[in-house]
Protein chains: 2
Amino acid sequence: MSDSPARTAPAEGPRLVAEPHKDGVDAAVAAARRVIDALLHTGDGTGADMEEIAGRLDAVADGLTEGAPALRERLAEMWRGEGVTRHDPVTGPENALAPPLTLRGLEDGSVEGVVTLGLPYQGPPGHVHGGISALLLDHTLGVANHWGGTSGMTAELTLRYLRPTPLFEPLTVTGRQVSVDGRRIRTVGEITAGGTARVTAEGLFIAKQLPRPS
Amino acid sequence: MSDSPARTAPAEGPRLVAEPHKDGVDAAVAAARRVIDALLHTGDGTGADMEEIAGRLDAVADGLTEGAPALRERLAEMWRGEGVTRHDPVTGPENALAPPLTLRGLEDGSVEGVVTLGLPYQGPPGHVHGGISALLLDHTLGVANHWGGTSGMTAELTLRYLRPTPLFEPLTVTGRQVSVDGRRIRTVGEITAGGTARVTAEGLFIAKQLPRPS
């Protein structure tokens with residue numbers, strides 16, 4: 001996939017990850033992402049009253065925690081039903097850690113998404129943390145397996161970092177199931193920026209799933 | 001390292017990552033982590049007024065953004081000085097994505113930290129996302145290189161997922177520099193839970209650094 005042309009527009013094709021809602025918890029999570037980013041942009045030393053801000057955030061957390069279901073109940077609820085998850089740290093509209101990455105299924109059997117990452121995802125100066133690239137690729141390979149027809153759990157993942165991956169620029173993340181041999185699934189993927197491959201991934205997955213909580 | 005005894009108490013040894021402050025931006029970030037977690041614990045359907053919560057979080061983000069320095073200025077500022085970073089997504093007290101993981105240097109040359117992960121880090125039901133394990137290990141191997149005396153950038157990282165890694169239980173994350181051959185650094189690491197190896201990592205690093213922004 002390394003020689004694919006630069007593509008920064010979102011791919012056409014069915015959306016393979018949860019659609020964020022404009023309201024409900026998804027809206028609050030979108031706002032929480034803005035807070036995470038703004039805290040990193042601000043840091044100390046601008047005169048912002050961080051004690052007051054900590055108090056306001058703690059009040060939000062306290063209110064939510066008071067009304068939250070028991071963990072066991074919530075775990076069962078979040079895994080109920082079929083379809084893609086709403087809460088994973090890569091694509092989940094309910095998870096403020098997720099950029100989020102939107103992945104679509106292409107006719108050639110691959111999956112693709114475009115995402116621009118900011119300060120929370122920084123490793124080396126101005127560039128994406130190598131572990132964040134691994135996180136995006138591991139998840140994308142998993143979604144590629146789903147799109148390919150046979151899902152599984154990661155058994156082995158090898159990442160090659162070819163060039164630094166920039167922050168603040170559109171990144172194209174792709175994945176493609178290569179083979180299914182019994183329960184062994186092989187899947188590859190890549191992150192490109194400006195048409196240039198930055199990180200490649202090769203994964204071995206085993207076709208099994210952990211039981212859902214009930 | 002697979003046959004090391006179960007250890008869930010924090011390692012003794014010098015702290016290799018930034019110490020969080022009780023006040024300033026670190027306190028606000030700690031509160032933001034509570035918000036991220038509480039939003040995932042709550043979800044939709046509990047009757048929480050998410051529109052009101054989104055409004056309160058947006059107001060925090062708006063206020064911070066208004067007073068934040070220009071991005072270029074902030075990037076230069078955050079990379080000024082020596083020592084470990086305060087803003088990475090694994091250990092950074094200024095980054096709400098970071099659990100955070102505290103790593104210490106041991107006398108045998110390895111680094112070690114203990115962390116318990118909650119819902120934001122979930123992949124399979126009740127277990128840590130494979131990409132999050134990759135993120136923790138990539139960073140830990142980087143810190144192990146620092147402790148070993150020769151730092152670099154990740155060139156290749158191989159992860160082997162031996163058993164599922166549980167949420168809500170103490171995980172011990174270790175790393176150790178194995179060899180330095182010219183600019184090629186080899187480093188290994190592991191995540192254990194309950195004394196059992198869950199994920200292992202082997203990394204090849206190249207001794208170079210990206211320039212700091214100025």
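Start with the sheet: in this predicted model, 12 strands line up in one open sheet, and their pairing is antiparallel. Walk across it and you pass 1(A)-2(A)-4(A)-5(A)-6(A)-3(A), then carry on through 3(B)-6(B)-5(B)-4(B)-2(B)-1(B). So what stands at the edges? There you find strand 1 (104–105) of chain A and strand 1 (104–105) of chain B. Each has a single partner strand, so one side of each is left without a neighbour in the sheet.

For a look at one pairing inside the sheet, go to chain B. Strand 5 (residues 184–193) of chain B and strand 6 (residues 196–206) of chain B run antiparallel, with 10 bridges joining them. Want a spot to click on? T187(B) has G203(B), in strand 6 of chain B, as its bridge partner.

Now add the helices. In chain A, helix 4 (residues 130–148) lies across strand 1, strand 2 (110–116), strand 3 (153–161), strand 4 (170–181), strand 5 (184–193) and strand 6 (196–206) of that chain. Its direction makes an angle of about 50° with strand 4 of chain A. Turn to chain B and helix 4 (residues 130–148) lies across strands of chain B, among them strand 2 (110–116) and strand 3 (153–161), again running at about 50° to strand 4 of chain B.

How do the two chains relate? Rotate by 180°, with 0.0 Å of shift along the axis, and chain A superposes on chain B with an RMSD of 0.0 Å. The two copies are thus related as by a two-fold rotation axis. The same surface serves both copies, as 100% of the contact residues of chain A recur in chain B. To find the axis from chain A, look for T158(A): of that chain's residues, T158(A) comes closest to the axis, with its C-alpha at 2.1 Å.

Definitions and conventions:
Residues are numbered from 1 along each chain as its sequence is written. Chains are lettered from A and ligands numbered from 1 in the order in which they are written. This is a predicted model: local features need pLDDT of at least 70, side-chain atom pairs count only at pLDDT 80 or more; totals for chains, interfaces and linings use all residues. Side-chain values use heavy atoms; hydrogens and water are left out. Copies are superposed by least squares on the C-alpha atoms of residues with pLDDT of at least 70 in both. Contact means heavy atoms within 4.5 Å. Two strands pair if DSSP finds at least two bridges between them. Helices (H or I, at least four residues) and strands (E, at least two) are DSSP runs, numbered from the N terminus. Axes are lines fitted to C-alpha atoms, for helices over the stretch in contact, and angles run from 0 to 180 degrees between N-to-C directions.
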